[in-house]
Amino acid sequence: MNVLVTGGTGYIGSHTVVELQQKGYDVFIVDNLCNSHLGVIDAIEAITGIKPHFSKIDLCNAASVKDFFVRNRIDAIVHFAALKAVGESVEQPLKYYHNNITSLINLCQYAGEFSVKDFIFSSSCAVYGEPDYVPVDEKHPVKKAQSPYGATKQICERILSDIAVTGALSTISLRYFNPSGAHPSVLIGELPLSEPNNLVPVITRTAAGKRKEMVVFGNDYDTPDGTCIRDYIHVKDIAVAHISALERLREKKNKERFEVFNLGTGRGYSVLEVISCFEKVTGKKLNYRIGTRREGDVSKVYSDNKLSNAVLNWKATEPLEQMLLSAWEWEQKI
Ligand code: NAD
Ligand code: WQD
């Protein structure tokens, strides 16, 4: 079975390609390499022994997307490709709306024309905005997004649910919480082209001396230690969930043509807890200081994962220690 993985040289995409290949799927990666490296293809091959097919295509270019479907028979699509830097999306909203929405529209257009029905979409806990309650379940309302990036995920979900009504596509939208860590082989991991802003890479880069210090963004939140709480989930656990979602569509077990599932561990950790866990598992002392709040941060968000556990028959297995250890091993390699 031929699976198109857009954004397959990126962080979560590359881990998912490995899982798909190990399950026997033939993977076709499409990526424009705007935030990833071609070397990831060799790294994937080094893990699985199989080189995925690769096409360097900008999904915003409709003619190139059409040409891809003319040349390749595709049975299902896993769509990771998107821009994801929250801060940059506030500064350059049009870049985000253009890239994330145009690429989805082109993909859906030609998926329809070439009779591809099964679609997995990378969504985010960002669709919940500032949550009314935690843990957040899938019934929680989609509230005003904190950033244009979050808004693109809401709009893409809306587009996919409207297309589902026509019967052209069946979509499972997976709302990731905070993906972290690297593959146990330490051959793939998070390798963005620009300076990372997410907590775990900031911690590992500081510990490796690539940054002088790190700042904890506020300790005056309404949480036990005053720092924000998030649901960190190992990237490999996220990747495995895509196989379950794909099988659900292939076996036509989906109850609706548009379904959403949270992908999280269901457990929240504060920023200070993450730092202290990192120090414990690596034996490294982290140079950090408490600073002011970062605009747009919500105080706590973590998942209710009962639905994905039950319906996708999936469970996150890797503890925070393992996420931080693998992220640290990866940091020392890059
Ligand atoms: P990433 O930047 O590592 O991977 C995205 C890939 O998409 C990159 O390789 C990039 O080059 C490619 N891409 C972007 N625009 C493209 C376009 N127009 N045409 C072709 N390729 C394009 O990001 P990631 O962390 O792997 O995220 C994957 C998906 O998961 C994204 O949709 C992201 O929004 C979503 N997500 C990520 C997180 C997170 O914290 N990493 C959390 C929730 C959701
Ligand atoms: C985690 C916590 C920061 C850096 C983002 C997106 C979300 C989703 C996941 C894509 C927060 C604190 C961070 C630092 C810090 N992505 N922090 N110092 O903001 O929860 O979620 O990634 O869909 O949409 O918004 O993740 O890793 O940036 O921050 O204190 O240098 O770490 O304040 O509490 P976030 P993050």
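**Cavity, ligand shells and pocket**

Modeller: The structure holds 1 cavity of 30 Å³ or more, and the model in which it lies is predicted.

Biologist: What makes the space a cavity and not a pocket?

Modeller: The distinction rests on escape: the space counts as a cavity because a 1.4 Å probe fits there but cannot get out. The largest cavity contains about 40 Å³ of space, a value above the 30 Å³ cut-off.

Biologist: Which residues line the largest cavity, and how do they divide by class?

Modeller: The lining is formed by H79, A81, A82, N100, F121, K153 and C156. Of these lining residues, 4 are nonpolar, 2 polar and 1 charged. K153 is a lysine and therefore belongs to the charged class.

Biologist: How do you know that N35 makes a polar contact with ligand 1?

Modeller: The distance between a polar side-chain atom of N35 and an oxygen atom of ligand 1 is 2.8 Å. The limit for a pair of N or O atoms is 3.5 Å, so the pair qualifies as a polar contact. K84 has a side-chain N or O atom 2.8 Å from an oxygen atom of ligand 1. For N99, the partner of the side-chain N or O atom is a nitrogen atom of ligand 1, again at 2.8 Å. Both values fall within 3.5 Å, and therefore both pairs are polar contacts as well. On its own, ligand 1 exposes 820 Å², of which the protein buries 96%.

Biologist: How many residues surround ligand 1, and which are the closest?

Modeller: There are 28 residues around ligand 1, with D31, N35, S36, F80 and Y149 the closest. By class, this shell comprises 14 nonpolar, 10 polar and 4 charged residues. At least two shell residues come from each of α1 (11-22), β5 (118-124) and α6 (148-166). The element that gives the most is β5, with 3 residues.

Biologist: What makes the pairing of D297 with ligand 2 a polar contact?

Modeller: A polar side-chain atom of D297 is 2.6 Å from an oxygen atom of ligand 2. That value lies within 3.5 Å, so the pair meets the criterion. S124 places a polar side-chain atom 2.7 Å from an oxygen atom of ligand 2, and for a side-chain N or O atom of R294 the distance to an oxygen atom of ligand 2 is 2.9 Å. These two pairs also satisfy the 3.5 Å limit and are therefore polar contacts. Of the 680 Å² of accessible area that ligand 2 has on its own, the protein covers 88%.

Biologist: Which residues are the closest to ligand 2, and which element provides the largest share of its shell?

Modeller: Among the 20 residues that surround ligand 2, the closest are S124, Y149, L199, R230 and D297. β8 provides the largest share, 4 residues. Both α7 (199-207) and β8 (214-217) supply at least two shell residues. The shell around ligand 2 divides into 13 nonpolar, 4 polar and 3 charged residues.

Biologist: What is the volume of the second largest pocket, and why is it called a pocket?

Modeller: The volume is about 230 Å³. The name applies because a pocket is an open set of points, whereas a probe in a cavity cannot get out. The second largest pocket is lined by 18 residues, and E190, P201, W330, E331 and I334 are the closest to its centre. α7 and α11 (320-333) each give two or more residues to this lining, and α7 gives the most, with 4. The lining has 9 nonpolar, 4 polar and 5 charged residues.

Notes:
Residues numbered from 1 in each chain as written. Chains lettered and ligands numbered in written order. Predicted model: local features only at pLDDT ≥ 70, side-chain atom pairs only at ≥ 80, totals over all residues. Heavy atoms only, no water. Near = heavy atom within 4 Å. Polar contact = N/O pair within 3.5 Å; in protein donor to acceptor, adjacent residues only side chain to side chain. Areas by Shrake-Rupley, 256 points an atom, 1.4 Å probe, with all protein chains shown as cover. 1 Å grid on protein atoms, 1.4 Å probe; cavity = no way out; pocket = protein on both sides within 12 Å on 5 of 7 lines; lining within 4 Å. Points joined across faces, edges and corners; volume = space filled by probe spheres on them.
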